[in-house]
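Here is a quick tour of the model, starting with charged pairs and moving on to sheets and cores. Keep the viewer open while you read.

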Amino acid sequence: MTRSVYVTGIDRGDGRQVVELGVMELLTRQVDRVGVFRPLVHDGPDRLFDLLRARYRLTQDPATVYGMDYHEASALQAEQGTDELVSRLVDRFHAVARDYEVVLVLGTDFAATQLPDELALNARLANEFGASVIPVVGGKGQPSESVRAEARNAFRAYDGLGCDVLAMVVNRVAGEDRETIAERLAARLPVPCYVLPDEPALAAPTVAQITHALGATVVLGDDAGLARDALDFVFGGAMLPNFLDALTPGCLVVTPGDRADLVVGALAAHSAGTPPIAGVLLTLDERPTDAVLTLAARLAPGTPVISVPGNSFPTAAELFALEGKLNAATPRKAETALGLFERHVDTTDLLKRISVAPSGRVTPMMFEHELLEQARADRRRVVLPEGTEERVLRAADVLLRRDVCDLTLLGDVETIRKKAADLSVDLRDTQLIDPQTSELRDDFAEKYAALRAHKGVTVELAYDVVSDVNYFGTLMVQEGLADGMVSGAVHSTAATIRPAFEIIKTKPDASIVSSVFFMCLADKVLVYGDCAVNPDPDAEQLADIAVQSAATAARFGVDPRIAMLSYSTGTSGSGADVDKVREATKLVREAHPALRIEGPIQYDAAVEPSVAATKLPGSEVAGQATVLIFPDLNTGNNTYKAVQRSAGAVAVGPVLQGLRKPVNDLSRGALVSDIVNTVAITAIQSQVPAPTEELPA
């Protein structure tokens, strides 16, 4: 029987979408095929399902997601009774459940539904679906005792109606009350109760949502600016000095369009980062002159300036009635919501309670989820030398919202802050260092000069060298001020890893530094090495690459079965290239007899069981290899790119291995998601491995 989880509530305004998104995140970590079912739906777009479909790449036909709309359900219940309504919804649920390993059910929303005893209907549907229930209780604006009473009553209601209550969630409580509420409910409820504080950024509308709701015209700004959250509203009427004192971080400035002084002043404050604002809303259908708008665009490129015809008072009334919503157009809100859920919910315990058996398949998304979870489990600090690069700042935004690791960004601090403000990236909890002016520069220069004295490096020369962001970041890692480094979005591979070779150096048991790519195919993850560093390794180096790659695979949950690739399988071929692979295989077997390894072997025999059965019958690696070692860089680099492009694989890497401390290189074409994954991998590499992750001798 398909497992299903039913997220429901007791009233409107509970912010349940955060919990639904968080549960979906947990389910997609475990299984490949997750279905969604919403028994009853309002007319119009379903913003949450659109978000789930976009974020989790759901292929489910939207027509199968919904049972029926509320009007149809209300009429059916009135004419034929609740039993008939439930029967039809059960049939439609099972039509979905047949095709999926697990189904997330989104309960009714208690919003003008005209259904009597909606809580009882949700409970009955959950029971008929065979679903476990997670009730959500909203606590916004309520005293802590009222919240605790509502949570206890909600548990009793669903439990009393025969539901299998997995856990309770209390959402949107005052931050100062969260711990007290959690402690007291833990003592009064027989199931876990997770308490989430109210997060203003989730309720804040974006400038784009405000533009749409007010029918405003965009005068200036780009898509990134329109995606900013309006965390506050500041109404301009005062003289400029008093007005500037009233600005708050993330505010939307509302001012008559003829107050050019306030418009320019607000944008100048944003440009200086004191404070960064969401944008400017002009009222009275007035706009500054073209000269003022040109100046405004240069002061704060991308920052939105929008205009409405009404005056400030009715505009204010509309603004205060708006509330932000999670949807596919607000991916940053989704990251904030997931970060909130993961910080305050024991996700490991909840996943055990849901008891969904993991899929045999490992999809790219499942692998990426696991990376973030592993990194978060033992928090580390990663230094990013390219702190002024937009993609790096956007990746930092995701990592911080998801609470993955601590970050240090290098570069001119004012430039970083200005670019972060333009992108609406909150760096309040991020360490910013300018190597040119840092008090660490003198100390680093002395340490680098001592390390490179044999090359004739003086302290004076070293003082210039360590001002380079990659050298400075590498020295931070060496000195324990950061646990790992990721660079390469705008620097060459040589510029990224040369400092590591000079300063961090190789591990005692590694003869060279090498690399692997995690190749995330549709149903499994393979490890390819070396595809980025060593042009033509000899037999000893190739053996070292194989051992390092097996250790890296094991560290990231891939059971290592090593295929030493060649154009020949077994004893069928000869020649210098095949002999090198054969010798490397022998060296690995001698040094690590417990490792499963086969070589020389052709790629098809390594990964395809039917070919393996013909070419190497009885091999414990052939046909099921997970770690594929290429004989040279030419073969490896071309193969990984061919598989990436032709098979649609997600290539995560290159991941450097063999260094004493982790430093990783990015492609200069890296996407934001690539940077996020590489930072997570670097954080995991810096964690102390468990004994079971060490390779056998």
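## A salt bridge to start with

Glutamate 598 and arginine 589 make a salt bridge, with 3.6 Å between the closest N and O atoms. Bear in mind that this is a predicted model. Glutamate 598 has 17% relative accessibility and counts as buried, because the cut-off for that label is under 20%. Its partner, arginine 589, is partly exposed at 38%.

Salt bridges with shared partners also tie Glu25, Arg29, Arg55, Glu335, Glu342, Glu373, Arg376 and Arg402 into one network.

## Charged pairs across the chain

Searching the whole structure turns up 43 salt bridges. One of them pairs the side chains of lysine 140 and aspartate 198, at 2.9 Å from N to O. These two sit in distant parts of the chain, 58 residues apart: lysine 140 is in the loop between strand E5 (132–138) and helix H6 (144–160), and aspartate 198 is in the loop between strand E8 (193–197) and helix H8 (200–203). Lysine 140 is partly exposed, with a relative accessible area of 47%, and aspartate 198 is partly exposed as well, at 27%.

Arginine 380 and aspartate 483 form another bridge through their side chains, at 3.9 Å from N to O. Here the separation along the chain is 103 residues, with arginine 380 in the loop between H17 and strand E14 (381–384), and aspartate 483 in the loop between helix H22 (469–478) and strand E17 (484–487). Arginine 380 counts as buried at 17%, while aspartate 483 counts as partly exposed at 26%.

## The six-stranded sheet

Six strands make an open sheet with mixed pairing, in the order E21-E20-E22-E19-E18-E23. Strands E21 (596–601) and E23 (650–657) are at the edges with a single partner strand each, so one side of each has no neighbour in the sheet. On average, neighbouring strands are turned by 20 degrees against each other, ignoring direction.

Look at E18 (residues 514–520): six bridges join it to E23, and the two run antiparallel. Within that pairing, phenylalanine 518 stands opposite valine 652 in E23. Two helices lie across the sheet's strands. H17 (residues 364–377) crosses E18, E19 (525–529) and E23, at about 125 degrees to E18. H24 (residues 539–555) lies across E18, E19, E20 (561–565), E22 (627–629) and E23, running at about 160 degrees to E22.

## Nonpolar cores

Nonpolar side chains tend to be buried together in soluble globular proteins. The largest nonpolar core here has 61 residues, and Phe518, Ile562, Met564 and Val679 touch the most other members. H24 is the top contributor, giving eight residues.

Which residues does methionine 564 contact, leaving aside its neighbours within four places in sequence? Among them are Leu542, Ala546, Val581, Ile597, Glu598 and Ile629. A second, separate core has 45 residues, including Phe129 and Leu185.

## The five-stranded sheet

Another open sheet, also with mixed pairing, has five strands in the order E9-E13-E12-E11-E10. Strands E9 (217–220) and E10 (232–235) are at its edges, each pairing on one side only. Neighbouring strands are turned by 25 degrees on average, direction ignored.

E10 runs parallel to E11 (residues 251–256), joined by four bridges, and valine 234 stands opposite valine 253 in E11. Helix H9 (residues 207–214) packs on this sheet, touching E9, E10, E11, E12 (279–283) and E13 (305–307), and its direction makes about 10 degrees with that of E13.

Notes
Residues are numbered from 1 along each chain as its sequence is written. This is a predicted model: local features need pLDDT of at least 70, side-chain atom pairs count only at pLDDT 80 or more; totals for chains, interfaces and linings use all residues. Side-chain values use heavy atoms; hydrogens and water are left out. Two strands pair if DSSP finds at least two bridges between them. Axes are lines fitted to C-alpha atoms, for helices over the stretch in contact, and angles run from 0 to 180 degrees between N-to-C directions. Contact means heavy atoms within 4.5 Å. A nonpolar core is a set of buried Ala, Val, Leu, Ile, Met, Phe, Trp, Tyr and Cys residues joined through side-chain atoms within 4.5 Å. Buried means under 20% relative accessible area, exposed over 50%, partly exposed in between (1.4 Å probe, protein chains only). A salt bridge is a side-chain nitrogen of Lys or Arg within 4 Å of a carboxyl oxygen of Asp or Glu.
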